[in-house]
Amino acid sequence: MSVAPLPPANHRTALGALYQGDCLSLLPQIEAGSVDLIFADPPFNLGKSYASGMDDAVLPDRYLLWCKQWIDECARVLKPGGSFFLYNLPKWNVALGAFLNERLTFRHQIAVEMTYTLPISGRLYPSHYSLLYYCKGPKPNVFSPDRVAMATCPHCFQELKDYGGYKDKMNPEGVSLSDVWKDISPVRHRKFKRRSDANELSLKLLDRVITLASRPGDLVMDPFGGSGSTYAVAELKNRRWLGMELGPVDQIVARMQPANLMIERRYLDEARRELNALFPPEVLAGRRKCGHWTPGNIPKGQPRSSPRKPLQEQVELVLHEEAAVYSAARKNKPKHGDGPKAKKSA
Ligand SMILES: C[S@@+](CC[C@H](N)C(=O)[O-])C[C@H]1O[C@@H](n2cnc3c(N)ncnc32)[C@H](O)[C@@H]1O
């Protein structure tokens, strides 16, 4: 069957194309088996007001039917071995997971911790979103998760978990990524938040998903553009991308301008400094100073867990460190008339 061509894109970059329109009309015009990775963050049917005027408070059956329609299309356009991620409330993903199980292969249900939601009377405090991860066929073409740093105390740099005590066997490139993501903070600050109706996701989340399930040059699709977080990360990571958004797209277009992308690149680079090492550079330096083991200096025959210093000694060490940080901060404090060249205080 021949596929009707897509309308002219509203915006193009060297790597991507953005279409303003309803994904239910656009998706059928995309060639079957052509997309490597799909990330979908649809409206959650919570009665939000969207600039497109779409109804975000429909009956549950109608919402699920709508989701199933575009999910069917996503499964069709996905390449064999391609990956599909669906970000939604646990309540919807339970039902949509059952639907997806008939079409794709389940890989994981990832809990993305969100600590700033509101408590609901008579319920447990909702603290995570659900991120379903599926692939088409028996196994994904790409599975290259970042490794993450060991959890350490911000004051004394001691590791917080024992990880079985086998520190000499730990991969110096970090701990395996788990299916509970606690380090993805919501985009709250006005300076960074682009559109009030989009529930903009953190670049860190998209970076993690795109790194995990695609290679440079692969085609990444997101049928629900919002503020364009997926497209920005795809562009920065040299993936081709295909975007759709029902509402206005001017903010996405502005975000994709090279000067704006540069700002996002800095943020991504900063976030990536924490990955693929057992300890980020600052923690490593702190551990060395405090005499904790580091990947290069685990003495042979040392017991499985590093013996903890007596409590009094630990407290003294922390106070000493804090005093050192405080005095360094005071030393670097800009004086009147120092101007923009003045060193920032810690
Ligand atoms: C939750 S937001 C996506 C936010 C996005 N992940 C980000 O980080 O900015 C959902 C978006 O889907 C758009 N949308 C809703 N229905 C749509 C449809 N049928 N086709 C395309 N976009 C749609 C909404 O206008 C909204 O901007």
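Trainee: In this predicted model, does helix 2 pass helix 3 in a left-handed or a right-handed crossing?

Mentor: Right-handed. That label calls for a clockwise turn of the near helix from the far one, by less than a right angle. The axes of helix 2 (residues 60–77) and helix 3 (residues 90–101) cross at roughly 35° and come within 11 Å.

Trainee: Which residues of helix 2 and helix 3 make the contact?

Mentor: Helix 2 brings Leu 64, Cys 67, Lys 68 and Ile 71. Helix 3 answers with Ala 95, Leu 96, Phe 99 and Leu 100. By class, that is seven nonpolar, no polar and one charged. Lys counts as charged, so Lys 68 is the charged one.

Trainee: Why is helix 4 called oblique to helix 5?

Mentor: Check the angle. The axes of helix 4 (residues 203–213) and helix 5 cross at roughly 55° and come within 9 Å. Roughly parallel needs an angle under 35 degrees, and roughly perpendicular starts at 65. The pair fits neither class, so helix 4 is oblique to helix 5. The crossing is right-handed.

Trainee: What makes up the contact of helix 4 with helix 5, by class?

Mentor: From helix 4, take Leu 203, Leu 206, Asp 207 and Ile 210. From helix 5, take Ser 229, Thr 230, Ala 232, Val 233 and Ala 234. They divide into six nonpolar, two polar and one charged.

Trainee: Why are helix 5 and helix 7 described as roughly perpendicular?

Mentor: Helix 5 (residues 229–236) and helix 7 (residues 258–272) pack at about 80°, with axes 10 Å apart. The perpendicular class runs from 65 to 115 degrees. The angle falls inside, so the two are roughly perpendicular. Ala 232, Glu 235 and Leu 236 meet Leu 261, Glu 264, Arg 265 and Leu 268. That gives four nonpolar, no polar and three charged residues.

Trainee: What surrounds the ligand?

Mentor: A shell of 22 residues. The closest are Phe 224, Gly 226, Ser 227, Ser 229 and Leu 246. Helix 1 (23–26) and strand 9 (240–245) each supply at least two residues of the shell. By class, the shell has twelve nonpolar, six polar and four charged residues.

Trainee: How much of the chain scores at least 70 in pLDDT?

Mentor: 82% of the residues do, and the chain averages 86. Residues 334–346 are another matter: pLDDT stays under 50 there. For that stretch the model has ten contacts beyond four places in sequence. Local features need a pLDDT of at least 70, so that stretch does not qualify for them.

Definitions and conventions. Residues numbered from 1 in each chain as written. Predicted model: local features only at pLDDT ≥ 70, side-chain atom pairs only at ≥ 80, totals over all residues. pLDDT = per-residue confidence, 0-100. Contact = placed C-beta atoms within 7 Å. Near = placed C-beta within 6 Å. Helix = DSSP H or I, 4+ residues; strand = E, 2+ residues; numbered from the N terminus. Axes fitted to C-alpha atoms, helices over the stretch in contact; angles between N-to-C directions. Parallel < 35°, antiparallel > 145°, perpendicular 65-115°, else oblique.
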